Amino acid sequence: MAPLNLHLMGSIFGILGTVGSFLVYLAPIPTFYWIYKKKSTFQFPSLPYSVALFSAMLTLYYAFLKTNSMIIMAINALGIIIETGYLVMFLIYTAPQSRIYTAKFLGIFNVFGFGVIVLSTCLIPNDVLRLQIVGWVTIVFGVGVYAAPLIVLKDVIKTKSVEFMSFSLSLSLTLCAILWFFHGLLIKDIFIAAPNVLGFIFGIVQMLMFFIYRKSTKKADLPEYSLSTTTVDVPVNSDTKVELAVIDIHTQIQVKTVDAKKSSDTDDLENQLPEQGRQEDRSTNATT
């Protein structure tokens, strides 16, 4: 029996990991299609996509320094394009306050932070040391990609609802973590293998939470308001008719007088009666 070719096996897992990563990048499509239809991001956070974008940028930089890592470079370049598209759509449909927060976070974290890492590591004269430092930073933010979806677990436990939790994303992340772990293990690259160990654990936790609270989830539809108009004849006088417009949720009742002008004229005429005439009327009524 021929011994296993570790390099070949590593390449196979690298290709499978690339496919898995591509599925991870495509997993939020149903979520963003729903956002597009509703024209609102509601409670969905932007943090997982910002961290995923940063991790893809950093891993691309690591692969560039390592050389001979075309698979890693290709999938992360594609990831940068896809995650940028998600964040652009998020900024379009999110609330103004969330838009400001997300824009600031992207500017400080993804632009300024990444720039500092690249410029500072370029000053290191030793290529091996530079690669190791970038590799350790990549591990930290690689774990962050898997941990970012955990921020919704607090709301899941509190509301006992998984409506704003993407199961497809959690499943894709778990499978991807397994594939990239074996790829890093077989090519003996700790900076690729290490973050995927925690990634697998985090993915399992997310899927367990999904199945625990899946049955208790209630669909959180926004209230829809419908307006119905009812016309009621009220004998205020012979020429006056009152129209009531009632909103179904009984939060507001609007009253519109069809012949408001004539009613106003009647009131004005009454106000113009002399005070003496009013007193005589009252005296007559009292006598009667």
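**Helical architecture, nonpolar cores and salt bridges**

From the N terminus on, the elements of the protein chain follow the order α-α-α-α-α-α-α-α-α-β-β-β-α-α. The model is a predicted one. Its secondary structure amounts to 11 helices and 3 strands. Of the 288 residues in the protein chain, 34% are buried. Among contacts in the protein chain with a separation of 6 or more, 67% are accounted for by residues 24 or more positions apart. The exposed surface of the protein chain is about 18000 Å², and carbon and sulfur atoms supply 67% of this area.

The largest nonpolar core contains 40 residues. Within this core, the residues with the most contacts are F32, F54, L58, F114, L173 and W180. Two or more residues each are given to the core by α1 (6–26), α2 (29–38), α3, α4 (70–93), α5 (96–122), α6, α8 and α9. The largest share, 10 residues, comes from α3. When neighbours within four places in sequence are left aside, F54 is in contact with F109, N110, G113, F114, I117 and F141. F54 and F114 are thus both in the group with the most contacts inside the core and in contact with one another. A second, separate core comprises 8 residues, including V152, V162, M165 and F210. In soluble globular proteins, nonpolar side chains tend to be buried together.

The count of salt bridges comes to 2. In one of them, K66 pairs with D189, and the closest N and O atoms are 2.4 Å apart. K66 lies in helix α3 (residues 47–66), whereas D189 lies in the loop between α8 (167–186) and α9 (190–213), so the pair ties together parts that are 123 residues apart in sequence. K66 is partly exposed, with a relative accessible area of 25%. D189, by contrast, is buried, with a relative accessible area of 6%. Helix α3 therefore holds a residue of this salt bridge, and α3 also gives the largest share of the 40-residue core.

The other salt bridge is formed by D127 and R130, with the closest N and O atoms 2.9 Å apart. Both residues belong to helix α6 (residues 127–147), where they are 3 residues apart and hence separated by about one helical turn. D127 counts as exposed, at 52% relative accessibility. R130 counts as buried, at 14% relative accessibility. Helix α6 is also among the elements that give two or more residues to the largest nonpolar core.

Key:
Residues numbered from 1 in each chain as written. Predicted model: local features only at pLDDT ≥ 70, side-chain atom pairs only at ≥ 80, totals over all residues. Heavy atoms only, no water. Salt bridge = Lys/Arg side-chain N within 4 Å of Asp/Glu carboxyl O. Helix = DSSP H or I, 4+ residues; strand = E, 2+ residues; numbered from the N terminus. Buried < 20%, exposed > 50% of the residue type's maximum accessible area, 1.4 Å probe, protein only. Core = buried A, V, L, I, M, F, W, Y, C linked by side-chain atoms within 4.5 Å. Contact = heavy atoms within 4.5 Å. Areas by Shrake-Rupley, 256 points an atom, 1.4 Å probe, with all protein chains shown as cover.
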